[in-house]
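Me: I have a model open on my screen and would like to talk through it with you. Could we take it one question at a time?

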Amino acid sequence: MQQKKAFTLIELLVVIAVIALLMSVILPSLSKAKESARMVICGNNERTLVTASNQWSNDNEDFAIAGRWWKDEMEISSDGTTEDCSGSSIVSYIASSRSTKGDSMTCPSAKNVTFEANDPAYDTLGQEKRFTYAANGYMTYNIGDLSPGTISGPKYNDMGSGGLYGPGDLYWHTRGATKITSIKSPYNTAYFIDHEYYFVGHWFFEPSEPPSYFPNASCNQRYQTRWHKKKSEDEYGIGMIGWVDGHVSREPDDFGEKYTVNGTEKGRWRFYYFGNK
């Protein structure tokens, strides 16, 4: 009877080494493919948000969305109180429910995000990962007169920066400061981007600098942003941007770079939010 030849130890080790080599080549490709798929979902989410916001604007004299765009129409806070956001909320314009994980307000690449957990004043019931996108604050609040379009109404800072239910409440619960139709470059003006906070402002959003660039301990404004990382150890990934005209794309290649205006070096990202000002 002929004896079957078994694998030698060396042959087994060679096979294992080959399999390990193949896995090291395949796994990164699979990871990139998964992230590319998540970016497609994220882009679709932002397209939904821009479309909903533009529909809201059509119903509100062409103004940009107000600060409370992301809340339910009758928002229930963690202490049981109710905030009337029926005038500003865009939730009714979005088909999917915010309570569903992975819905149109949540980026599938956002990990371990707890929205505004640093500030109990904004605490809302079940707030974790309810949304992970930020609107252009320069369209909503007229921050520092840096709107990308024509400002229609009072200056936010003149009304009082702590304007919720106060002098500045106009831009929180009624409408934004900028009329969408007045924006000269809607195809080149950002409306939404992957971000932990609900709007973008230059004192806490600076892609050309590391998170430690914002040392304000009282506000702790080192928000997570731009989820689509090339490497897990990267501080910032690639942001998906929903533009005012309705198209969605990856952030421009120069988004995290700097440029000089009147001798002052600034983040290039600002150009896409309020122009060359």
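Me: Which side chain meets Glu206 in a salt bridge?
Reply: This is a predicted model, in which local features need pLDDT of at least 70, side-chain atom pairs count only at pLDDT 80 or more, and totals for chains, interfaces and linings use all residues. Residues are numbered from 1 along each chain as its sequence is written, and side-chain values use heavy atoms, with hydrogens and water left out. A salt bridge here is a side-chain nitrogen of Lys or Arg within 4 Å of a carboxyl oxygen of Asp or Glu. For Glu206 the N to O distance is 3.7 Å, and the partner is Arg270.

Me: How many residues apart in sequence are the parts that Glu206 and Arg270 tie together?
Reply: Both residues are buried (under 20% relative accessible area; exposed is over 50%, partly exposed in between, with a 1.4 Å probe and protein chains only). Elements are DSSP runs numbered from the N terminus: helices are H or I with at least four residues, strands are E with at least two. Glu206 lies in the loop between strand 5 and strand 6 and Arg270 in the loop between strand 9 and helix 5, so the parts they tie together are apart in sequence by 64 residues.

Me: Is Glu209, the salt-bridge partner of Lys258, buried or exposed?
Reply: The closest N and O atoms of Lys258 and Glu209 are 2.4 Å apart. Lys258 belongs to strand 8 and Glu209 to the loop between strand 5 and strand 6, so this pair ties together parts 49 residues apart in sequence. Lys258 is partly exposed at 37%, whereas Glu209, at a relative accessible area of 17%, is buried.

Me: And which residue forms a salt bridge with Asp254?
Reply: Asp254 sits in the loop between strand 7 (248–250) and strand 8, and its partner is 14 residues away in the loop between strand 9 and helix 5. That partner is partly exposed, with a relative accessible area of 22%. The closest N and O atoms are 3.1 Å apart, and the residue is Arg268.

Me: Which residue of strand 9 stands opposite Thr260?
Reply: Strand 8 (residues 258–261) and strand 9 (residues 264–267) run antiparallel and are joined by 4 bridges; two strands pair if DSSP finds at least two bridges between them. They form a hairpin with 2 residues between them, and Asn262 in the turn has a positive phi of about 50 degrees. Opposite Thr260 stands Glu265.

Me: Which element gives the largest share of the largest nonpolar core?
Reply: A nonpolar core is a set of buried Ala, Val, Leu, Ile, Met, Phe, Trp, Tyr and Cys residues joined through side-chain atoms within 4.5 Å. This one has 53 residues, and those touching the most other members include Trp69, Ile90 and Tyr191. Among the elements giving two or more residues are strand 4 (190–194) and helix 5 (271–274). The largest share, 6 residues, comes from helix 1.

Me: Leaving aside neighbours within four places in sequence, which residues is Gly87 in contact with?
Reply: Gly87 is in the loop between strand 2 (82–84) and strand 3, and counts as partly exposed at 34% relative accessibility. Contact means heavy atoms within 4.5 Å. By that rule, Gly87 is in contact with Trp56, His173 and Thr174.

Me: Why is there no bond between Cys42 and Cys107, and how many disulfides does the structure hold?
Reply: A disulfide is a pair of cysteine sulfur atoms within 2.5 Å. The sulfur of Cys42 is 3.7 Å from that of Cys107, its closest cysteine sulfur, and that is too far for a bond. Cys42 is buried at 0% and Cys107 at 1%. The number of disulfides is 0.

Me: Where is confidence lowest and where is it highest?
Reply: The mean pLDDT (the predictor's confidence in each residue, from 0 to 100) is 79, and 70% of the residues reach 70 or more. Over residues 117–125, pLDDT stays under 50. Where pLDDT is low, the predicted coordinates should not be read in detail. Confidence is lowest in helix 3 (residues 156–159), at a mean of 60, and highest, at 96, in strand 6.
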